[in-house]
Each structure stands twice: as structure tokens, then as C-alpha cells.
Amino acid sequence: MRIGIIGAGAMAAALGGGWAAAGHEVWIGARSADAGRELAARISSTPRDPRPSATGSTEADVIASAAEPAVRAGDIGSAIAAADVVLLAVPVDALTLLLGEHRDALAGKVLIDCTNAFLPDAAAPEGVTAFVLSEDAVAERIAASVPKAHVVKAFNLLAAEVWAGADRVFDGERLAVPLCGDNAEAVRAVASLAEDLALQPFPAGGLHRAKYLEATSVFTVGLWFAGANARAMLPPLSAAFAVADS
């Protein structure tokens with residue numbers, strides 16, 4: 001698959017590196033040409049052994065330099081034009097200008113939104129790191145800005161370092177990625193890309209539900225920063241049951 005990644009930060013490096021290792025053609029598009037070229041070169045030169053696997057172990061196969069998929073860099077317009085799927089990996093405050101400039105080029109593309117609109121929680125007690133949302137529904141705003149693109153919210157719940165790591169199984173369960181989108185074909189495409197990173201994708205409803213993914217992210221990340229184990233607050237599926245009120 002041809003993937004255009006807009007941005008040259010940690011999330012672009014983590015997801016782009018994983019997809020390049022899985023054999024996809026990756027284009028890096030960044031406002032800074034130097035930053036884009038540096039990231040493309042870094043992805044191309046990064047050893048891809050061991051690779052994440054769905055079993056929690058690492059695959060023994062090494063991607064030889066000669067067999068590595070092409071990772072190219074260019075301007076944002078070139079990355080979009082070359083891609084079937086586009087990942088938005090930029091700060092939320094950059095979205096308005098970016099989407100306005102490239103609205104027509106994004107028409108018909110699968111557009112992955114992994115952004116989060118975090119602000120420090122000014123009401124948190126002194127010494128406690130916590131966050132609030134600066135915007136309640138980023139994915140819906142993106143879809144309204146580029147109505148002919150197929151927006152899928154994904155990969156926003158965890159930090160880039162998790163996606164870049166080799167661990168995929170925790171407490172016996174494969175790490176899951178919820179996906180919110182209105183176009184079934186687009187959701188399937190993003191699900192396939194999640195599986196290529198040895199993750200477990202699952203549909204989480206239409207794009208109108210993406211705001212809940214964004215709220216979940218700001219809540220759980222705040223708990224982690226505060227030193228609480230957010231993962232422990234939910235029971236496993238086998239124990240997640242309730243009786244409806246009469």
C-alpha cells in the first residue's frame with residue numbers, strides 16, 4: 001500500500017517505520033524539507049530485526065538493506081498525491097491551514113487521524129500532571145473540512161513509543177486499536193495496516209464516536225502521567241458483564 005505521512009515527529013517515525021518494515025511504500029511529507037528527508041533516511045537505516053509480532057515474541061527474519069521498501073520524502077502535496085492512505089501526524093493547531101491547502105488533493109483518500117487536542121489541566125493540584133481537551137471532536141472537524149476524504153480515527157490512545165516498541169502482548173492479550181469511521185472500506189484498510197503492526201484492530205463505530213476515543217485518550221494518559229495504572233480499571237472481557245435494570 002502507498003502511505004503518505006504528513007509530519008516528521010515521533011508518531012510519524014513510529015508508524016511510518018513499522019509500515020515500511022511491513023513492506024509498504026511510505027512517503028514522508030513535511031513543511032520542513034530537511035526534517036522530512038532526515039526522517040526518511042532514519043527509517044530506511046533503522047534495523048528492522050526484531051520486528052513486533054502478534055504472539056509477543058519477535059520474528060527472526062531480518063529485512064536486508066537491499067530488500068527494504070522505499071521511504072521517500074518530499075513536500076506535503078507530493079506525499080498526498082503519491083498515497084492511497086494518508087496519516088495526519090501533526091499538531092492539532094496545524095490542521096486548519098493544512099486541510100485548507102490540501103482539501104482537493106485529499107478527496108477520495110483514506111485519511112487516518114491519530115491526533116489529540118491536549119492541554120494541561122489548570123485545575124489539577126500543584127505538582128500533578130493532568131490534561132484536558134482543547135477541542136471535543138477533532139476527527140469530526142477534519143471530516144467537515146475535507147468532506148470527500150474518508151476519515152478514520154485510530155492510533156491516538158497511546159504514545160508513539162508504544163507503537164515503535166516490539167511488545168504487542170500484555171497480560172496475555174494482544175494490544176488492540178479501536179477504529180472509528182463511516183466508510184467501511186476505509187476502516188478495513190486501516191484495520192489491515194494495524195494488523196501489519198501486529199496489533200489487533202476492532203471497529204468502534206462511526207466517526208461520531210471518535211470524540212469518545214479522544215476523551216478516553218486525554219483521561220487515560222493523564223492517569224498514566226499521575227502514576228496510576230489506567231489498564232487496571234477495566235476487567236477482562238470474560239468478566240465485563242452486567243444485568244440490565246428492570
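This report walks through the core, two helices, some local features and the salt bridges of a predicted model.

## The nonpolar core

A good place to begin is the inside of the protein. The largest nonpolar core has 67 residues, and the members that touch the most others are Ile6, Trp19, Leu111, Ile112, Ile142, Phe155 and Trp163. Helix α1 (residues 10-21) supplies the largest share of this core, with seven residues.

Ile112 gives a feel for how the core is put together. Apart from neighbours within four places in sequence, Ile112 is in contact with Trp19, Val85, Val86, Leu87, Leu88, Val152, Ala154, Phe155, Val190 and Leu193. One of these partners, Phe155, is also in the group of core residues that touch the most other members.

Phe155 deserves a second look for its backbone too. This residue sits in the loop between β8 and α6 (160-164), and its phi is positive, about 65 degrees, although Phe155 is not a glycine. Its relative accessible area is 2%, so Phe155 counts as buried.

Ala198 is another non-glycine residue with a positive phi, again of about 65 degrees. You will find Ala198 in the loop between α7 (184-196) and β12 (200-203). With 8% relative accessibility, Ala198 is buried.

## Two helices with a buried face

Which residues of helix α4 (residues 95-102) are buried? They are Leu95, Leu98, Leu99 and His102. Viewed down the axis of α4, these buried residues fall within an arc of 90 degrees, so they line one face of the helix. On the face turned away from that buried side are the exposed residues Thr96 and Leu97. The buried residues of α4 pack against β1 (2-6), α3 (76-82), β4 (85-88) and α5 (138-145).

That brings us to α5 itself. Here the buried residues are Val138, Ala139 and Ile142. Looking down the axis of α5, they fall within an arc of 100 degrees, so they too line one face of their helix. Their cover includes β4, α4, β5 (110-113), β8 (150-153) and α8. Ile142 appears once more among the core residues that touch the most other members.

## Around helix α8 and the segment after it

Thr220 is located in helix α8 and is buried, at 9% relative accessibility. Leaving out neighbours within four places in sequence, Thr220 makes contact with Ala230 and Met233. Thr220 and Arg231 are 11 residues apart in sequence, and their C-alpha atoms are 8.4 Å apart in space.

Met233 also takes part in a surface feature. Together with Phe219 and Leu234, Met233 forms a nonpolar patch on the surface, and the three have about 340 Å² of accessible area together. Leu234 belongs to the segment after α8 (210-225). Its relative accessibility is 61%, so Leu234 counts as exposed.

## Salt bridges

The model has 10 salt bridges. Three of them are listed here, with the distance between N and O atoms.

| Acidic residue | Basic residue | N to O distance |
|---|---|---|
| Asp34 | Arg37 | 2.5 Å |
| Asp113 | Lys153 | 2.7 Å |
| Glu140 | Lys211 | 2.9 Å |

Asp34 and Arg37 form a local pair. They are three residues apart in helix α2 (residues 33-45), which means that about one helical turn separates them. Asp34 is exposed, at 54% relative accessibility, whereas Arg37 is partly exposed, with a relative accessible area of 48%.

What parts of the chain does the salt bridge between Asp113 and Lys153 link? Asp113 is in strand β5 and Lys153 in strand β8, so the pair links distant parts, 40 residues apart. Both residues are buried. Asp113 and Lys153 are also joined with Glu214 in a network of salt bridges.

The salt bridge between Glu140 and Lys211 connects two helices. Glu140 lies in α5 and Lys211 in α8, so this pair ties together parts that are 71 residues apart in sequence. Glu140 is partly exposed, with a relative accessible area of 30%, and Lys211 is partly exposed as well, with 26%.

Notes
Residues are numbered from 1 along each chain as its sequence is written. This is a predicted model: local features need pLDDT of at least 70, side-chain atom pairs count only at pLDDT 80 or more; totals for chains, interfaces and linings use all residues. Side-chain values use heavy atoms; hydrogens and water are left out. A nonpolar core is a set of buried Ala, Val, Leu, Ile, Met, Phe, Trp, Tyr and Cys residues joined through side-chain atoms within 4.5 Å. Buried means under 20% relative accessible area, exposed over 50%, partly exposed in between (1.4 Å probe, protein chains only). Helices (H or I, at least four residues) and strands (E, at least two) are DSSP runs, numbered from the N terminus. Contact means heavy atoms within 4.5 Å. The arc is that of the directions from the helix axis to the C-beta atoms. Patches are made of residues with over 30% relative accessible area and no salt bridge: like charges are joined within 9 Å, nonpolar side chains (Val, Leu, Ile, Met, Phe, Trp, Tyr) within 5 Å. Accessible areas come from the Shrake-Rupley method with a 1.4 Å probe; for residues, only the protein chains shown count as cover. A salt bridge is a side-chain nitrogen of Lys or Arg within 4 Å of a carboxyl oxygen of Asp or Glu.
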